[in-house]
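Open the model in your viewer and keep the selection tool ready. Each stop below says what to select and what to look for there.

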Amino acid sequence: MRAVFMRQEVEDQSELEQKGLLDDCPGRRYDLIVIGAGPAGLFCAINCRQNARNDDHRRDNRRILILEKKGSPGRKLLLSGSGQCNITHEGEIRNFLNHYGEHGRFLRPAIMGFTNQDLIYYFKAKGLEMASEPSGKIFPQTRRSKDVLDILIEDCKKADIEIQCRKDVRTVNRIEDGFALLGDGFSYRSSILVIATGGCSYPATGSSGDGYRFARSLGHRVTEIGPALTPVIIKDYPFHDLAGISFENIKISLNNLKKTREGQGDILLTHEGLSGPAILDLSRYIQPEDTLKLSFVPKEKRAALEGWILELSGKEGSRTVKSLLSSIPCSVPLPYRLIGRIIEICGIDPDLGLSQLRRRERMHLVDILVGLPLTVSRPDGFEAAMVTRGGVDWREVNPKTMQSRLVKGLYLAGEVLDVDGDTGGYNLQSCFSTAMLAARSIRKSWDGKMN
């Protein structure tokens, strides 16, 4: 069979579309249709083809189709890691499960079945070496997302998988022998369907939440969705003019009506609020009116900080408050411009001598250094979010196969599921791992039918 990479239908199909004759026809039939040509959709289709036979002498002639609504595959993948593709993370694979919020246990069979080392080896075998950063993030050695996408597309060609772009699926229906998919001017049927449409983040790339609509129409529950791995906008933000200042490994706490959560990592001040890995990882839980507290001094060192200020006030009473803060034993160094702003927040005269500092002012200063409270206006929107929190309820999906527990022959992979990871390559790893698990399950079902 000739390798096929199609952005449009073949000529006779196009003629039918122009005449509107496909709307009422039974539809072209495929053995497998994947909706979404992102990393999860491409990788699932590729691995459904590999070894999808009961012996090495029988060719797999099953028809596999990937439908993509945008003009080309993998648009969001091209943006990942600022175009450099932070594809996974180094370290023991069992530790990955701690980086997917409260639903990490759902991913255990997928992550353990196709690990970070498996993913690295897959691309290495195709000629693309990987390199790790001191932070543990792993990138292609070329630092180009396009190189990852090119390999996936080339593998689709070699596997005789059709990729049809500019195919916006409007409805998905369950029929007796599989699924019927309808769009403007096209109609397809398939025995097996994989929804790999992504979430709602970066909607310009095509991730506009279609997969949630398809899953609902087939009877699935979709949990509340929202932006994740996103900066946070702060109400009455006091650091507008300090954008660009960053802190390494600072502690942060999130207080809301449900519980208090702790985080730690790098934080960046923006024009409207906070960003950086510590904020991004916590953002899945952040809601408007929540309180974030930044700890320039760890809470456990509060008493020591109070004692140090009192001792210094006795020895160097004429020393100014501003001078004090420039040498204070913080867990992170305080930039000079930030020192002035903290003093303003405390309502203290920066030129006030330590001996003139009243107890109430001293305690307020300590409170701010131990936990500067900032009220959340809102997490930034889907346009800025790297991933989506929420999605198709993981409890309605078999974690050992990625097949729906409700609809036979329906599989889900990638970001469309209600599982999101921390920054650092964990989300792409889960896309590839869930895609591989779904592919293995589909191949197994095909092999069973062939026996």
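In which helix is Ser 145 found? This is a predicted model, and in it Ser 145 belongs to helix 6, which covers residues 145-158.

**Stop 1: Ser 145.** Select Ser 145 and show its side chain. Is Ser 145 buried or exposed? Its relative accessible area is 1%, and buried means under 20%, so Ser 145 counts as buried. Now add Ser 80 to the selection: the side chain of Ser 145 reaches the backbone oxygen of Ser 80 at 3.2 Å. To see what else surrounds Ser 145, leave out the neighbours within four places in sequence; Ser 145 is then in contact with Leu 77, Leu 78, Ser 80, Gly 83, Gln 84 and Cys 85.

**Stop 2: Pro 140.** Keep Gln 84 and Cys 85 on screen, since Pro 140 is in contact with them too. Pro 140 is part of strand 5, residues 137-140. With a relative accessibility of 0%, Pro 140 is buried. Beyond four places in sequence, its contacts also include Leu 128, Glu 129, Met 130 and Val 148. For a distance across the model, select the C-alpha atoms of Pro 140 and Glu 224: they are 34 Å apart, and 84 residues separate them along the chain.

**Stop 3: helix 2.** Select residues 39-49, which make up helix 2. How many of its residues are buried? The count is 11 of 11, so the helix is mostly covered. Among the buried residues are Phe 43, Ile 46, Asn 47 and Arg 49.

**Stop 4: the two domains.** Colour residues 23-226 and 384-447 as domain 1, and residues 231-380 as domain 2. The C-alpha centres of the two domains lie 42 Å apart. Where they meet, 11 residues of domain 1 are in contact with 9 residues of domain 2.

**Stop 5: the second largest pocket.** Keep the domain colours on and select Glu 102, Lys 258, Arg 284, Tyr 285 and Arg 389. What is at this place? The second largest pocket holds about 610 Å³ of space. It is lined by 23 residues, and the five just selected are the closest to its centre. Sorted by class, the lining has 12 charged, 6 polar and 5 nonpolar residues. Why does this pocket lie between domain 1 and domain 2? Both domains give residues to its lining, so the pocket lies between them.

Key: Residues numbered from 1 in each chain as written. Predicted model: local features only at pLDDT ≥ 70, side-chain atom pairs only at ≥ 80, totals over all residues. Heavy atoms only, no water. 1 Å grid on protein atoms, 1.4 Å probe; cavity = no way out; pocket = protein on both sides within 12 Å on 5 of 7 lines; lining within 4 Å. Points joined across faces, edges and corners; volume = space filled by probe spheres on them. Nonpolar A, V, L, I, M, F, W, Y, C, P; charged D, E, K, R; others polar. Domains from an automatic or database assignment. Helix = DSSP H or I, 4+ residues; strand = E, 2+ residues; numbered from the N terminus. Buried < 20%, exposed > 50% of the residue type's maximum accessible area, 1.4 Å probe, protein only. Polar contact = N/O pair within 3.5 Å; in protein donor to acceptor, adjacent residues only side chain to side chain. Contact = heavy atoms within 4.5 Å.
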